[in-house]
Amino acid sequence: MSQKVLLNAKEVNIILNRLACQLIENHRDFKNTVLIGIQPRGVYVAERIKKLLEEDYKISDIKMGYLDITFFRDDFRRGDKPLEANKTKITFVVEDKNVVFIDDVLYTGRSINAALTAVQSFGRPREVELLTLIDRRFSRHLPIQPNYRGRQVDAINGEKVKVSWIENGGEDSVYLIEE
């Protein structure tokens, strides 16, 4: 097994700042916009984006939640091992709001499809956008594309993209791993 560094900590920080600026361009004061991190790994990206918006760009009162999609996935009954759900924490109604889903890696599109179904429990959004740190281009099973992408990666065959964060005991980095 070999691994190649795609992004180091400095590059991850630059990309997160760029993504935050792109969100500001499209959503200005975030009065009608909510951020929703897709559990489990999208939460790290969402927390970082929210912190940048609040601390560096002085935008206050950003509504952010976490969405667990475990039981909304089309493949949740297909595995042998029991699934462990995460927590959904959405303390606001998404009715008529602009929702920005945030995830670390966009791969097949199935997670985002599940998120689109799951979010309906909290109202009908006016619009839904997708922000992803890494977009694995040639892997889509569904016609889903990000509105905001940090980096596009062409991973093929047995290659995996691994995102690591300081918050979960690693370092801020992205690796391409060949198995």
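Modeller: Let's start with one term: contact means heavy atoms within 4.5 Å. With that in hand, we can look at this predicted model and see that helix α1, residues 9-27, lies across β1 and β8.

Biologist: Thanks! At what angle to β1 does helix α1 run?

Modeller: Helix α1 runs at about 40° to β1. Angles here are taken between N-to-C directions and go from 0 to 180 degrees.

Biologist: What makes β1 and β8 a pair?

Modeller: Two strands pair if there are at least two bridges between them. β1 and β8 (residues 173-178) share 5 bridges in the antiparallel sense, so the requirement of at least two is met. One place to look is serine 2, whose bridge partner in β8 is glutamate 178.

Biologist: Which sheet do these strands belong to, and in what order?

Modeller: They are in an open sheet of 3 strands, ordered β1-β8-β7, with antiparallel pairing. Its edge strands are β1 (2-7) and β7 (159-164), each of which pairs on one side only. From one strand to the next, the twist averages 25°.

Biologist: What is the order of the sheet of 5 strands, and is the pairing parallel or antiparallel?

Modeller: That open sheet reads β3-β2-β4-β5-β6, and its pairing is parallel. As general background, strands of a sheet pair through backbone hydrogen bonds, either parallel or antiparallel.

Biologist: Why do β3 and β6 stand at the edges?

Modeller: β3 (63-67) and β6 (148-153) each have a single partner strand, so one side of each has no neighbour in the sheet.

Biologist: How do you know that β2 and β3 are joined?

Modeller: Count the bridges: 5 of them join β2 (residues 33-38) to β3, and the two run parallel. For a concrete example, glycine 37 has tyrosine 66 in β3 as its bridge partner. Helix α3 (residues 110-118) packs on this sheet and touches β2, β3, β4 (98-106) and β5 (127-136). The direction of α3 makes about 155° with that of β4.

Biologist: How many helices and strands are there in the chain?

Modeller: The chain has 3 helices and 8 strands. Along the sequence they follow the pattern β-α-β-α-β-β-α-β-β-β-β.

Biologist: How do you know what radius of gyration a compact globule would have, and what does the chain have?

Modeller: The rule is 2.2 Å times the number of residues to the power 0.38. For 179 residues this comes to near 16 Å, and the chain has 16 Å, so the two agree. Along the principal axes, the C-alpha atoms fill a box of roughly 45 × 40 × 30 Å. Of the 179 residues, 47% count as buried.

Biologist: Why is arginine 140 called buried?

Modeller: Buried means under 20% relative accessible area. Arginine 140 has 18%, so it counts as buried. This residue is found in the loop between β5 and β6.

Biologist: What does the side chain of arginine 140 reach?

Modeller: It reaches the backbone oxygen of tyrosine 107 at 2.9 Å. A polar contact of 3.5 Å also joins the side chains of arginine 140 and glutamine 145. Leaving aside neighbours within four places in sequence, the residues in contact with arginine 140 include Leu106, Thr108, Asp135 and Pro146.

Biologist: Why is aspartate 61 called exposed?

Modeller: Exposed means over 50%. Aspartate 61 has a relative accessible area of 61%, so it is exposed. You will find aspartate 61 in the loop between α2 and β3.

Biologist: And why does aspartate 96 count as partly exposed?

Modeller: Partly exposed is the range between under 20% and over 50%. Aspartate 96, at 43% relative accessibility, therefore counts as partly exposed. Aspartate 96 lies in the loop between β3 and β4.

Biologist: What is the phi of aspartate 96?

Modeller: Aspartate 96 has a positive phi of about 60°, although it is not a glycine. Phi of aspartate 61 is near 60°, also a positive value in a residue other than glycine. Most residues other than glycine have a negative phi, and most peptide bonds are trans.

Biologist: Which peptide bond is cis?

Modeller: The bond from glutamine 39 to proline 40 is cis, with omega near -5°. Proline 40 has its place in the loop between β2 and α2 (42-56).

Key: Residues numbered from 1 in each chain as written. Predicted model: local features only at pLDDT ≥ 70, side-chain atom pairs only at ≥ 80, totals over all residues. Heavy atoms only, no water. Helix = DSSP H or I, 4+ residues; strand = E, 2+ residues; numbered from the N terminus. Buried < 20%, exposed > 50% of the residue type's maximum accessible area, 1.4 Å probe, protein only. Polar contact = N/O pair within 3.5 Å; in protein donor to acceptor, adjacent residues only side chain to side chain.
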